[in-house]
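Colleague: Please take a close look at the salt bridges for me. Then follow them to whatever they lead to, and keep it brisk.

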Amino acid sequence: MQKGKINVTTENIFPIIKKFLYSDHEIFLRELISNAVDATQKLRTLASVGEFKGEMGDLTIRVEVDKKKKTLKVSDAGLGMTTEEVDKYINQIAFSSAEDFLEKYKKESNAIIGHFGLGFYSSFMVSDKVEIKTRSWQEDAKGVAWSCDGSPEFTLDESDKDSRGTEITLFLDSDSKEFLEEQKINELLDKYCKFLPVEIAFGKEKEWKDGKEKDTGKDHIVNDTKPLWTLPPAEVKDEDYNEFYRKLYPISEEPLFNIHLNVDYPFTLTGILYFPRIKNNIEIQKNKIQLYSNQVFVTDSVEGIVPEFLTLLHGVLDSPDIPLNVSRSYLQSDSNVKKISSHITKKVADRLEEIFKNDREQYEKKWDHLKLFIEYGMLSEEKFHDRAEKFALLKNVEGKYFTFEEYEKLIKESQTDRNKTLVYLYATDRAGQYSYIEAAKAKGYDVLVMDGQLDTHFLNHMETKLKDSRFARVDSDIIDKLIEKEDSRQSNLTPEQQADLTPVFQAHLPEKEMSYYVSYESLSESDHPVMITQSEFMRRMKDMQEMSGQASFYGNMPDSYNLVVNSNHPLVGKIVEQTDKKLGKKLEDLRAEKKGLSEEQQLLEKAKEGKKEEEVPQSEKDQMETVNKKLAELEDKRVEMLKNHGKSQKLVKQLIDLALLANNQLKGEDLAAFVKRSVELIK
Ligand code: ADP
Ligand code: MG
């Protein structure tokens, strides 16, 4: 028997292994099984080149637990090891690579993907003692036994093992009893080993007999050794893809499309990606792609490996060329990862373009689910934007779909304003903005639906891409202003009449949480008398703020709206008439008085001209103050008078309520009062 000390600088490496990898103890099983898979694959290679001529026999890898002895055993019938090989690969190489790993690991904290690279020694995370019994495939080989109790000392001896292969027994420590539970091991095998290329047996198949669950005597094989992504795409049918999807995500809805990746130069990458049906919440959808390395599960968080927007996809990626024992920040700068990432982006664009070109009908049917994904891609990846510009769709309120190019052609003629800007009209709420949509349609304009989660960002983005174009929500101004044309109508109201009308309307405007600015437009008699609009700019700012979830300047502003009065509408004329009848004389007197004061003010201003502040006599300064004060008083009086008059005008209230109603802002008590008043007015 040989005794030795493992060549390490750290006196005792095991406590460090245990401490540093605390959260991920379970990966030991993946490491042991992947070694067993490697050993089996190597034997197959030796056989295929004719070096190994013996019987392959049963190559199944077996996992066994013994609750009494508190052991967990992984055994394979792979190529095994000779004494020299155990000394070399276990005592020297494996150990030093474990040490390297820990060095790196300390610096990179816990950002390392799946804690790959620790290999065989990760078994010490869960064990007091580890034993290896192995026998090489070579004809004259003898059995070897190796044992180590967690200190750097080991023993190496001959063993009576009479079959080829390796058997690793872990004597689980008291903190690791969970790994004696059948359910736990099944869970881990399902997570890490589901698609390994060599059959793995754990326990026996069970069946129900006489109301009891019984072992059948048949091995329970936990894995699918030829997962779909490893097959040539030409051999795979649509149903197979869907079935595989169900295996991966049993509770998800059927996917929209899939992409089968299959590259072997200049990097190796296989996998199947699925476009899921994306509903309205991006966050929930993320991180469903599973990353494998030669069919060994590594992680289901692929951030840093594929572009952000692709994390919305589902499926599997398998590439031994993605470095695994490095941090995520390092990953993004790795040249293989960069190549893989842009390859996937390109393939995704290719696939979408292909479906768009070959089956536009199907593509349009699925667009509402694809939209969020494609917009996200266009917003975040320049290269994807350039591709997707050709197959991204716009949908109008009639439910028709257009590419950007098609849509531009459709609206170019009618929706170009007098500054040669093409105006894309859109609605975010077909029912709520109905009357504005109708007004736009009456003009022969087309209106898009932009009610997606990313649409505000997306249209900002598109404005930077489309030449001489802008987006305007149908209710952000009156339609003649949204797309201004040459002809502007004459106003029926003088500036003075408008100034007097403003307080009359203000008397009825709701003041809670919102502010309204009264303005006048010379529309036609058949247009609405009063309308409410909200500035495109302010609203977008607020929307974006809301999405980003931070409060700030725009987020805290009250909603502000325009109350647009159609100065040519007969009903507005009627209000002016009534105001004139009631207050005409008084207003005229006020105006005359104000005029006198204004003239006085102007004279005083003139007298001041060219003089320094201290050269103006005190008497003149006092006089100026009095005049200003009086003017302010008169203005207050005017507004007060008009507001009081306005309050008694049911028609004004009615017109404002109608405008609020068309903007979806009339609710609750106000709505009830409106209905009641309407009935009275009809009577
Ligand atoms: P890695 O698998 O990355 O080489 P490990 O620490 O997992 O590192 O294993 C170290 C070495 O020990 C392997 O490269 C292999 O030569 C040997 N080894 C481990 N497990 C087995 C096994 N089940 N059968 C044969 N050789 C093995
Ligand atoms: Mg290994």
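Modeller: A salt bridge here means a side-chain nitrogen of Lys or Arg within 4 Å of a carboxyl oxygen of Asp or Glu. The model is predicted, so side-chain atom pairs count only at pLDDT 80 or more. How many salt bridges does the structure hold? The count is 43. Side chains of opposite charge can pair when their charged atoms come close. I will take some of the pairs in turn.

Start with helix α20. K653 and D657 pair through their side chains, with 3.9 Å from N to O. That value sits inside the 4 Å cut-off. Why are the two about one helical turn apart? Because they are four residues apart in helix α20. Are the two partners buried or exposed? K653 has 23% relative accessibility and therefore counts as partly exposed. D657 has a relative accessible area of 1%, so it is buried. The line between the two classes is at 20%. So the bridge joins a partly exposed lysine to a buried aspartate.

Some salt bridges share partners: K346, D350, E353, K357 and R387 are joined into one network that way.

Now a pair that spans two helices. The side chains of K594 and E635 form a salt bridge, at 2.8 Å from N to O. K594 belongs to helix α18 (residues 570–608) and E635 to helix α19 (residues 618–647). The partners are 41 residues apart, and the pair links distant parts of the chain. K594 is partly exposed, because its relative accessible area is 21%. E635, at 28%, is partly exposed too.

Next, a pair between strands. K73 and E167 meet in a salt bridge of 3.6 Å, N to O. K73 lies in strand β3 (residues 71–76) and E167 in strand β7. They are 94 residues apart, so this pair also links distant parts of the chain. K73 has a relative accessible area of 26% and is therefore partly exposed.

Strand β7 leads on to the ligand. It covers residues 165–172 and holds T166. What class of accessibility does T166 have? At 6% relative accessibility, T166 counts as buried, because buried means under 20%. The side chain of T166 also makes a polar contact of 3.0 Å with the side chain of T134.

What surrounds ligand 1? The shell has ten residues; the closest are N35, A39, D76, F120 and T166. Take the polar approaches. N35 places a polar side-chain atom 2.7 Å from an oxygen atom of ligand 1. D76 has a polar side-chain atom 2.9 Å from a nitrogen atom of the ligand. The side chain of T166 has an N or O atom 3.2 Å from a nitrogen atom of ligand 1. On its own, ligand 1 has 530 Å² of accessible area, and the protein covers 76% of it. Which elements give two or more residues to the shell? They are α2 (27–48) and α3 (83–107). The most comes from α3, with three residues. By class, six residues of the shell are nonpolar, three are polar and one is charged.

Back to α20, for a surface without charges. L658, L661, L671, V675 and V679 make up a nonpolar patch on the surface, with about 380 Å² of accessible area together. Two elements, α20 (650–662) and α21 (668–682), each give two or more residues to the patch. The largest share is three residues, from α21. L661 sits in helix α20. At 34% relative accessibility, L661 counts as partly exposed. That value is over the 30% needed for a patch residue. So helix α20 carries the K653–D657 salt bridge and also gives residues to the nonpolar patch.

One last item is a helix elsewhere in the chain. Q362 is in helix α9 (residues 360–380). Its 27% relative accessibility makes Q362 partly exposed. The C-alpha atoms of Q362 and L256 are 9.9 Å apart, although 106 residues separate the two along the chain.

Conventions:
Residues numbered from 1 in each chain as written. Chains lettered and ligands numbered in written order. Predicted model: local features only at pLDDT ≥ 70, side-chain atom pairs only at ≥ 80, totals over all residues. Heavy atoms only, no water. Near = heavy atom within 4 Å. Polar contact = N/O pair within 3.5 Å; in protein donor to acceptor, adjacent residues only side chain to side chain. Areas by Shrake-Rupley, 256 points an atom, 1.4 Å probe, with all protein chains shown as cover. Nonpolar A, V, L, I, M, F, W, Y, C, P; charged D, E, K, R; others polar. Patch = residues over 30% accessible without salt bridge, like charges linked within 9 Å, V, L, I, M, F, W, Y side chains within 5 Å. Buried < 20%, exposed > 50% of the residue type's maximum accessible area, 1.4 Å probe, protein only.
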